[in-house]
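The following exercises train the reading of a protein model. Each task is followed by a solution worked in steps.

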Amino acid sequence: AQCFTDSESELIAQLREQVPQIIEDAGKVSSVAVDSSIWGVPLVPAPGSKAERDLRVDVVLHKFLKARSGDIALARQMLTNTLKWRAEFNIAGLLEEEFPEDVFGNVGYIYGHDEQGRPVTYNFYGNLDNKQVFGDLDRFLRWRVQLHERGMRTLDFVNIADMIQVHDYDGVSIFGYDKFARAASKATVQLMSDNYPETLATKIFANVPGWGETVFNVICRWLSEDTKRKFVVVSKASAPRVLAERIGEDNLPEKFRPSSAEKELQQPSSAVPLPAEPESLAPPPPQPAHIDQNEGVPKPTSLCSSDSSSELSASDSQDAVPLPAVTGAPESEPQLEVPVGETAGMRLDDHATAATQEQEDRRHAQI
């Protein structure tokens, strides 16, 4: 279940009292009737309903408050604008719309869930015909919103309240970021950040080429720390392993599952036992540690440095900044993900080296 601090609960309660007025305000500025529900969650009980307090509403309202740093006035305005946009964009009708499979079938889909039960959306940016996919911007945006909205409808907002996104850059070229991709990327980022706050737990950028990390190093300067914490950048060599660790191998599409050869490389090699040495050549037995009779505990005879973990942590930000597209690569809302406390743009498979160097530096410092 979702838990809130006392201060968060107080802010949620204050915003919840304003929901009826928020819905009314949205209706006044909308050109069409406004729905009083969002992502399948009714924000107000039906007239005459005696149902218990719907805790899902608290979770929804908390997302808007968090996106506006706890400012109730700003959160209220954001929710008002979102309800207006949903009405005019016709979200209810959008869920039933059909889009050409030959155009969008390889651009993205929802597949399974991670080991915490969060649905996973996959978006592909390699080997696309940008004009065909993004040329009709309105059609692309409606397809992209439908994909995300369908993922939101699988959440119960009690145990599971956000999703995972995987952005695949396999085959992406730095020269493929044309006017169609740029327009689609900008519009998608704005639309998602305005209307789907705090709906992603983690965004994984898989198969990122080397030049992509350079681009991210620049982009990340304008991203908040909270946003960067949700980003994970993974090179092509590490993608199968990292995705299997974070999502679960059995939950991955076939494209991302580690091959048998990759699995063997991940297994520690079995050492072949050496023949026993003759007694005359055997090393002397280890000497006992010096004991301080006053304390009665062994004292170490050498310095040892503490291990520093190279594990990365990640927490959608939808407002991720797009990475240049592909040989037809889009940027629906591409964004790069960086683990907590790590250098922006650093790949996961570089962390072990970084951690080892840090340990060596500490050891020399102690000596």
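**Exercise 1: The sheet**

Six bridges join strand β5 to strand β6 (residues 200–206), and the two strands run parallel. This model is predicted.

Task: State the order of the strands in the open sheet, and explain why β3 and β7 each have one side without a neighbour.

Solution.
- Step 1. The open sheet has five strands in the order β3-β4-β5-β6-β7, and the pairing is mixed.
- Step 2. β3 (108–113) and β7 (231–233) stand at the edges with a single partner strand each, so one side of each has no neighbour in the sheet.
- Step 3. From one strand to the next, the twist averages 20°.
- Step 4. An example of a bridge is the one between methionine 163 and its partner leucine 200 in β6.
- Step 5. Helix α12 (residues 239–247) lies across β3, β4 (119–124), β5, β6 and β7, and its direction makes an angle of about 165° with β6.

**Exercise 2: A histidine in a strand**

Task: Determine whether histidine 167 is buried or exposed, and identify the side chains with which histidine 167 makes polar contacts.

Solution.
- Step 1. Histidine 167 is located in strand β5 (residues 163–168).
- Step 2. Its relative accessibility is 0%. A residue is buried under 20%, and therefore histidine 167 counts as buried.
- Step 3. The side chain of histidine 167 has a polar contact of 2.9 Å with that of glutamine 165.
- Step 4. A polar contact of 2.8 Å links the side chains of histidine 167 and lysine 203.

**Exercise 3: A helix and its cover**

Task: Check the span of helix α3 (residues 55–67) against the expected value, and describe what covers its buried residues.

Solution.
- Step 1. The helix has 13 residues; at 1.5 Å a residue, they should span 18 Å.
- Step 2. The end C-alpha atoms are 19 Å apart, which agrees with this expectation.
- Step 3. The buried residues of α3 include Val57, Val60, Leu61, Phe64 and Leu65.
- Step 4. Among the elements that cover them are α1 (6–17), α2 (19–29), β1 (37–38), β2 (41–42) and α4 (72–89).
- Step 5. Serine 69 follows α3 and has a positive phi, near 55°.

**Exercise 4: Confidence**

Task: Give the mean pLDDT of the protein, and name stretches where the pLDDT is below 50.

Solution.
- Step 1. The mean pLDDT is 78, and 70% of the residues reach 70 or more.
- Step 2. Residues 268–284 have a pLDDT below 50, and this stretch has two contacts in the model beyond near neighbours in sequence.
- Step 3. Residues 286–367 also have a pLDDT below 50; beyond near neighbours in sequence, this stretch has 229 contacts in the model.

Technical notes
Residues numbered from 1 in each chain as written. Predicted model: local features only at pLDDT ≥ 70, side-chain atom pairs only at ≥ 80, totals over all residues. Heavy atoms only, no water. pLDDT = per-residue confidence, 0-100. Contact = heavy atoms within 4.5 Å. Helix = DSSP H or I, 4+ residues; strand = E, 2+ residues; numbered from the N terminus. Expected span 1.5 Å × (residues − 1). Buried < 20%, exposed > 50% of the residue type's maximum accessible area, 1.4 Å probe, protein only. Polar contact = N/O pair within 3.5 Å; in protein donor to acceptor, adjacent residues only side chain to side chain. Pairing = 2+ DSSP bridges. Axes fitted to C-alpha atoms, helices over the stretch in contact; angles between N-to-C directions.
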